Amino acid sequence: MTDHPTLLSVKVISNESYANVVPLLHEVRHAVARFHESGEPTTIDLRRIPMTEHDEQELEGFLGVGEVSLDIQALGPTQIRETQFPAVWHIVHYNADGEIAGKFVTVAAIPDLVLAQPEDAARGLCALNERLDELTHKL
């Protein structure tokens, strides 16, 4: 008997796949059902799921592209893309060197990352007031 914990091994089904796409899509389906019923959002960290490049392409191909696309420039670019399924978003974060730092599927009305924070709104209000005062004084 050993004192070492048993490590989970991941078996590659073929040279191109870990066969995790279908189970992942079932998880997305359950998340959409939960969101529909209760409004509870879900985020799935794709970097924690063993996937080959082929798997990632299969996932992205299945999810497709929706009507909304957002780009955020903060500490490296972030791309947020609605999929062909409403409330399902594909999010990719890049670091300052352009390398992928995170990949997610989020099920929500809109990803939290897009929502204005109260502090940002307060700062925006101050800037708006200043600019409006400047404009008013010019007239």
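Me: Why is strand β5 (residues 100–107) described as largely enclosed by the rest of the structure?

Reply: Six of its eight residues are buried, that is, under 20% relative accessible area (exposed is over 50%, partly exposed in between; 1.4 Å probe, protein chains only). Strand β5 is therefore largely enclosed. Strands (E, at least two residues) and helices (H or I, at least four) are DSSP runs, numbered from the N terminus. This is a predicted model, in which local features need pLDDT of at least 70 and side-chain atom pairs count only at pLDDT 80 or more, while totals for chains, interfaces and linings use all residues. Residues are numbered from 1 along each chain as its sequence is written, and side-chain values use heavy atoms, with hydrogens and water left out.

Me: What makes β1 (residues 42–45) a partner of β5?

Reply: Two strands pair if DSSP finds at least two bridges between them. β1 and β5 are joined by four bridges and run antiparallel, so they pair by that definition. Asp45 stands opposite Phe104 in β5.

Me: How do you know that β4 (residues 88–94) pairs with β5?

Reply: Seven bridges join β4 to β5, again antiparallel. Here Ile91 stands opposite Phe104. The hairpin of β4 and β5 has five residues between the strands, and Gly98 takes a positive phi near 85 degrees.

Me: Which residues of the largest nonpolar core have the most contacts inside it?

Reply: They are Leu24, Leu46, Leu59, Leu63, Val88 and Val105, in a core of 13 residues. Such a core is a set of buried Ala, Val, Leu, Ile, Met, Phe, Trp, Tyr and Cys residues joined through side-chain atoms within 4.5 Å. Two or more residues each come from α1 (21–38), α2 (53–63) and β5, with α1 giving the largest share, five. Val105 touches residues including Val28, Leu46, Leu63 and Val88, not counting those up to four places away in sequence; contact means heavy atoms within 4.5 Å.

Me: Why does Thr52 count as buried or exposed?

Reply: Thr52 has 16% relative accessibility, so it counts as buried. Thr52 lies in the loop between β1 and α2. Beyond four places away in sequence, Thr52 touches Glu16, Ser17 and Tyr18.

Me: What lines the largest pocket?

Reply: Its lining consists of Pro41, Thr43, Ile91, His93, Phe104, Thr106, Ala108, Pro111, Asp112 and Leu113. β4 and β5 each supply at least two of the lining residues.

How values were computed:
1 Å grid on protein atoms, 1.4 Å probe; cavity = no way out; pocket = protein on both sides within 12 Å on 5 of 7 lines; lining within 4 Å.
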